[in-house]
Amino acid sequence: LAREEGKIWLIPRAAPGDVVDARVVRERRGMVEGEIDAVLEPGPDRIEPACPAYGRCGGCHLQHIAHERQAGLKVGVLREVLQRSGRIEAGPVEAITGEPLGWRYRIELHLRDGHLGFFERRSSALIEVDACPIARPGVSAALPALRAALAGCTRRLPDSEVELVEAGEGRVWIVLRPPQGAKGDPEGLDVLVRVLAPVPCVAGVLSGRGRILAGEAAQASIDWPTIGRGGEDVLLRVGPASFTQANPGLNRALVRAV
């Protein structure tokens with residue numbers, strides 16, 4: 001967030017204290033959306049991102065800022081919004097944080113023309129990666145194995161949304177969904193399941209509605225940490241296709257705070 005001659009600039013991947021050379025991407029009345037061409041002077045909070053795909057990949061937004069500063073900056077944004085929109089002066093705000101890397105137990109990938117990866121920022125172009133630093137180790141390690149299996153397939157594979165969910169013991173559940181607006185392709189889905197299910201790190205394959213496509217139905221669940229009515233720690237057994245928070249380490253803290 002920057003200001004120049006009465007205009008507000010919104011510049012992704014900038015950090016407080018940066019001096020940047022930025023160009024206009026889109027301009028509306030009183031506001032400019034910009035893009036950094038060069039960081040001329042880095043601010044004190046800027047660091048080298050942990051992921052080599054950061055900046056191109058559309059997933060992460062703050063890896064260029066030191067982790068210990070990110071929560072404080074978010075609190076500052078919250079205070080500013082409350083003051084500007086509601087004339088509310090926020091009292092003390094406690095930020096509950098977790099580890100910067102290796103916390104996401106589920107990630108969503110895109111399969112397009114037989115290639116598996118993330119979408120580029122502001123684009124549907126695909127980035128193929130061999131690791132995802134914010135994912136749990138078992139989930140990240142599955143990426144090269146799955147890409148190798150897909151590359152060895154000689155049949156046409158349907159485009160699909162591919163969610164990897166940690167299953168424990170270094171394995172993952174795979175949840176397959178058709179792209180938004182696309183019709184299902186039962187024959188192509190069957191081929192895709194036959195390609196992915198035999199990969200050693202795969203515990204099983206499910207549809208987006210939770211139907212077992214490969215693997216043992218009795219094992220199609222994960223342990224999810226939460227808080228019981230008496231405040232005790234409990235584990236829920238939930239299906240891999242069910243919605244849960246992406247960070248199990250912070251889920252108990254979230255429920256306890258609520």
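**Figure 1. Strand β12 sits largely enclosed in this predicted model.** Strand β12 covers residues 222-227. Of its 6 residues, 5 are buried, so the strand is largely enclosed by the rest of the structure. Its partner is strand β13, residues 233-238. The two strands run antiparallel and are joined by 6 bridges. One pair to look for is I222 and its bridge partner in β13, V238. Between the strands of this hairpin lie 5 residues. In the hairpin, G231 takes a positive phi near 90 degrees.

**Figure 2. Seven strands build an open sheet with mixed pairing.** Read the order across the sheet as β7-β6-β5-β8-β9-β10-β11. What holds such strands side by side? Strands of a sheet pair through backbone hydrogen bonds, and the pairing can be parallel or antiparallel. The edge strands here are β7 (126-127) and β11 (212-214). Each of these edge strands pairs on one side only. Within the sheet, β5 meets strand β8, residues 160-168. These two run antiparallel, with 6 bridges between them. L109 stands opposite V162 of β8.

**Figure 3. E161 is a buried glutamate in strand β8.** Start with the strand: E161 is found in β8. Is E161 buried or exposed? Its relative accessible area is 11%. Buried means under 20%, so E161 counts as buried. Its side chain makes a polar contact of 2.4 Å with the side chain of H110. Leaving out residues up to four places away in sequence, E161 touches ten others. They are E108, L109, H110, R112, V175, L176, R177, P178, P179 and Q180.

**Figure 4. E33 is a buried glutamate in strand β4.** Strand β4 spans residues 31-41, and E33 lies in it. The relative accessibility of E33 is 16%. That value is under the 20% limit, so E33 counts as buried. Which side chain does E33 join in a polar contact? The partner is R28, at 2.9 Å. Not counting residues up to four places away in sequence, E33 touches L10, R23, V24, V25, R26, R28 and R122.

**Figure 5. Helix α3 has buried residues covered by strands and a helix.** This helix runs over residues 186-196. Its buried residues are G188, V191, L192, V193, V195 and L196. What covers the buried residues of α3? The cover includes the helix α2 (137-151). It also includes β5, β8, β9 (171-177), β10 (202-207) and β11. These strands also appear in the open sheet of Figure 2.

**Figure 6. The largest pocket has a volume of about 1300 Å³.** How is such empty space found? Rolling a probe the size of a water molecule over the atoms shows where empty space is left. The lining of the largest pocket has 50 residues. Nearest its centre lie Q70, K74, P100, W103 and I134. Four elements each supply at least two lining residues: α1 (67-86), β5 (106-112), β6 (115-119) and α4 (248-257). Which of them gives the largest share? That is α1, with 6 residues. By class, the lining has 32 nonpolar, 12 polar and 6 charged residues.

**Figure 7. The second largest pocket holds about 840 Å³ of space.** It is lined by 26 residues. Those closest to its centre are L1, I11, A14, P16 and V77. Two or more lining residues come from each of β1 (2-4), β2 (7-10) and α1. Helix α1 gives the largest share of this lining, 8 residues. The lining divides into 15 nonpolar, 5 polar and 6 charged residues.

**Figure 8. The whole chain sets these close-ups in context.** The protein chain has 4 helices and 13 strands. How many residues does the chain have, and what percentage count as buried? There are 258 residues, and 35% count as buried. The C-alpha atoms fill a box of roughly 60 × 50 × 30 Å along the principal axes. Now take the contacts between residues at least 6 apart in sequence. Of these, 52% join residues at least 24 apart.

How values were computed:
Residues numbered from 1 in each chain as written. Predicted model: local features only at pLDDT ≥ 70, side-chain atom pairs only at ≥ 80, totals over all residues. Heavy atoms only, no water. 1 Å grid on protein atoms, 1.4 Å probe; cavity = no way out; pocket = protein on both sides within 12 Å on 5 of 7 lines; lining within 4 Å. Points joined across faces, edges and corners; volume = space filled by probe spheres on them. Nonpolar A, V, L, I, M, F, W, Y, C, P; charged D, E, K, R; others polar. Buried < 20%, exposed > 50% of the residue type's maximum accessible area, 1.4 Å probe, protein only. Polar contact = N/O pair within 3.5 Å; in protein donor to acceptor, adjacent residues only side chain to side chain. Contact = heavy atoms within 4.5 Å. Pairing = 2+ DSSP bridges.
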